[in-house]
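Let's take a walk through the inside of this protein, starting with its enclosed spaces and ending out in the loops. Keep the viewer open as you read.

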Amino acid sequence: MKKEVELILLGSIIKRTEAEQKRLNELFPQKMDWAFITGELIRHRLNGNFLCSISEEQSDYIITKVKNTFTLLSDCYEAANIENMRFLEGFFKKTGDAGISIAGLKGVVFNTSIYSLKARKSNDMDLLVKESDLKTFDSIIRDFGFIQSSDGGKTEASRRDKMIQRMNYHDLVPYYKYIGLPYQPYLKVDVNFHFDSKEHDITEAIIEEGLVNYQGNGFSIKGLNPYTHILHLCVHFCREATDSLWTSIARDVELYKIIDIENTLRMRSREELFIWCKYVDKFGLNKQCYFTLFYLNKFFPKSLYVELMEKIQPSDIEYLNKVHVAGGGLKERNEDFFDRTFDMNYGKSFAHRDTSRVE
């Protein structure tokens, strides 16, 4: 592993071991390709995470102008996250009063559990809702001034677009509200009503496992319990890493997802993670969770991950290096997953592709 990659990985994680901290202290004074490091941190949306996770002394090794830019971006992330969390607190109160259960996902939970508000900017707020509650959900969120939009919040989506989105992608056209801030023109809410897939509909069962209050950074929201929260991170990662819809735009190798999962697992004890394995079996998510641990172990190798994989291993693991192709069929992954993560040679056609459907 090249030392620049090692620095990025170790500098982006929380709750480091003594050995990891020692290694990071050894890396920072070395001559580094900071153009590579800066580019990868920006590309993988880890610049804020990196800056918040290292010490002030370590940050002094970052080129001053780069450090100042990272600091400015982190300030914007914090301001945007505050807007998001303020909305969510009021929204969760209204949905709770209406008797419907809403669970915050991913960044919604991270912002009130493991990260500073300066660390991570989410493109949207992801929520899990029972399909039977979608009508009530729609009524409440519109009272907050949101519309469903296919063009980034400019106009209301057509009835046809809403139906196609719901039938083909099993989620809703995103909700937007214009707030006009320079660092965040819109609030955006993505609504999921299938935890896994239409064919494996376990959303209600997952929500019935219980929601918990996550409190941090001055905010409190409802989210999945710690075990089902980790299940969702694995399902989401596996989905985007095994379907050509997302791999064609390199959504499979966005490092911040790996870092988010690694940091989440670091907050859990060995005993808790073995209890989590029982949830994997209970909900039949062995393939998704094994896949996630398999690739996570390439970035942060641990004997614990190997032990967990042995506990949840599905009968067939040939799928690990295959991608579902749009239109049907499977193909072999033709590039090493780790190497592809740190390869930005995609060209103009890739860089300017419209990814609004899958943000």
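The lining of the second largest cavity divides into two nonpolar, four polar and three charged residues. This is a predicted model, and the cavity in question has a computed volume of about 50 Å³. To find it on screen, pick out Leu105, Lys106, Asp126, Asn192, His194, Phe195, His232, His236 and Arg239, which line it. Helix α11 gives the largest share of that lining, three residues.

How many cavities of 30 Å³ or more does a search of the whole structure find? The count comes to three. The largest of them holds about 210 Å³ of space. Its lining is made up of 19 residues, and those closest to the centre are Lys106, Arg120, Asp126, His236 and Tyr256. Lys106, Asp126 and His236 should ring a bell, since they also turn up in the lining of the second largest cavity.

As for which elements build the wall of the largest cavity, α7 (107–110), α11 (226–241) and α13 (255–266) each give two or more residues to the lining. Here α13 takes the largest share, with four residues. Sorted by class, this lining has nine charged residues, four polar and six nonpolar.

Now for the greasy parts. The largest nonpolar core has 76 residues, and Leu231 and Trp276 have the most contacts inside it. Helix α11 shows up again, giving nine residues, the largest share of this core. Centre your view on Leu231 and leave out anything up to four places away in sequence: what remains in touch with Leu231 is Phe195, Ile206, Trp276, Tyr279, Val280, Phe283, Leu285 and Cys289. Phe195 is thus a link back to where we began, as one of the residues lining the second largest cavity. There is also a second, separate core of 27 residues, with Met125, Leu134, Phe193 and Phe219 among them.

Last stop, the backbone. Most residues other than glycine have a negative phi, so it's worth checking the ones that don't. Lys15 is a non-glycine residue with a positive phi, near 55 degrees. Lys15 sits in the loop between α1 (3–11) and α2 (18–27), and it is exposed, with a relative accessible area of 54%. Asn217, not a glycine either, has a positive phi of about 55 degrees. Asn217 is in the loop between β6 (211–216) and β7 (219–224). Is Asn217 buried, exposed or partly exposed? Asn217 is partly exposed, at 39% relative accessible area.

Notes. Residues are numbered from 1 along each chain as its sequence is written. This is a predicted model: local features need pLDDT of at least 70, side-chain atom pairs count only at pLDDT 80 or more; totals for chains, interfaces and linings use all residues. Side-chain values use heavy atoms; hydrogens and water are left out. On a 1 Å grid over the protein atoms alone, a cavity is a set of points where a 1.4 Å probe fits but cannot get out, and a pocket is an open set with protein on both sides within 12 Å along at least five of seven lines; lining residues have an atom within 4 Å of a point. Grid points are joined across faces, edges and corners, and a volume is the space filled by probe spheres set on the points. Ala, Val, Leu, Ile, Met, Phe, Trp, Tyr, Cys and Pro count as nonpolar, Asp, Glu, Lys and Arg as charged, and the others, Gly among them, as polar. A nonpolar core is a set of buried Ala, Val, Leu, Ile, Met, Phe, Trp, Tyr and Cys residues joined through side-chain atoms within 4.5 Å. Buried means under 20% relative accessible area, exposed over 50%, partly exposed in between (1.4 Å probe, protein chains only). Contact means heavy atoms within 4.5 Å.
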